Amino acid sequence: MEMRTPASSNPMPMADLLRHLAADIQRLLDRKAVASGRRVWVAVSGGLDSMALLHAVHALKGDFGVLHVDHGLRGDSAEDAAFVRDAAETLGLPFRDHRLSGLTASDARRKWGLEAAARKARYGWMAEVVGA
């Protein structure tokens, strides 16, 4: 698979893009002084960008885990969770998921709107998992 970069009309192979992304992630981890051997959890929705992130962190061979939140807003959202779970298992990465319920009828939704309420609930669960 090839992808064209905005700066040129020459296609860049996907493997090169993932290698560059992995290098950028490693620089970020180094800059943030993330201790070697400390698990870093990566939020993966199943979309193209988060799947690229998943494969890039896997290439780093560090202690990474995968988090996925099913917001329960679409009838087929469980398929996204299964897709991400399968990808994590294939790559040998720990996987944790969580399904939100009642979001559309919640007080938080009425107060902040659906997207903000979903984000707040998602970040809250992720903070519990990582111990923040």
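This report walks through two backbone oddities and a set of salt bridges in a predicted model.

## Two residues with positive phi

Let's start with the backbone. Alanine 33 is not a glycine, yet its phi is positive, at about 55°. To find alanine 33 on the structure, look in the loop that runs between helix H1 (14-31) and strand S3 (40-43). Its relative accessibility is 61%, so alanine 33 counts as exposed.

Lysine 61 is a residue other than glycine that also has a positive phi, near 60°. You will find lysine 61 in the loop between helix H2 (48-60) and strand S4 (64-70). Lysine 61 is exposed as well, with a relative accessible area of 66%.

## Salt bridges: a pair within one helix

Now for the charged side chains. Side chains of opposite charge can pair when their charged atoms come close. How many salt bridges does the model contain? The count comes to five, and three of them are described here, including one inside a helix.

In that helical pair, aspartate 24 bridges to arginine 27, and their closest N and O atoms are 2.2 Å apart. Both residues belong to helix H1; they are three residues apart, which means that about one helical turn separates them. Aspartate 24 is partly exposed, with a relative accessible area of 42%. Arginine 27 also counts as partly exposed, at 48% relative accessibility.

## Salt bridges: pairs linking distant parts of the chain

Which residue does aspartate 63 pair with? Its partner is arginine 39, and the closest N and O atoms of this salt bridge are 2.9 Å apart. This pair links distant parts of the chain: aspartate 63 lies in the loop between H2 and S4, arginine 39 lies in the loop between H1 and S3, and the two are 24 residues apart. Aspartate 63 has a relative accessible area of 29% and is therefore partly exposed. Arginine 39, with a relative accessible area of 35%, is partly exposed too.

Another salt bridge joins aspartate 97 to arginine 85, with 2.8 Å between the closest N and O atoms. Here a strand is connected to a helix: aspartate 97 sits in strand S5 (residues 95-99) and arginine 85 in helix H3 (residues 77-91), 12 residues apart, so the pair again links distant parts of the chain. Are these two side chains buried or exposed? Aspartate 97 counts as partly exposed at 35% relative accessibility, and arginine 85 counts as partly exposed at 27%.

How values were computed: Residues numbered from 1 in each chain as written. Predicted model: local features only at pLDDT ≥ 70, side-chain atom pairs only at ≥ 80, totals over all residues. Heavy atoms only, no water. Helix = DSSP H or I, 4+ residues; strand = E, 2+ residues; numbered from the N terminus. Buried < 20%, exposed > 50% of the residue type's maximum accessible area, 1.4 Å probe, protein only. Salt bridge = Lys/Arg side-chain N within 4 Å of Asp/Glu carboxyl O.
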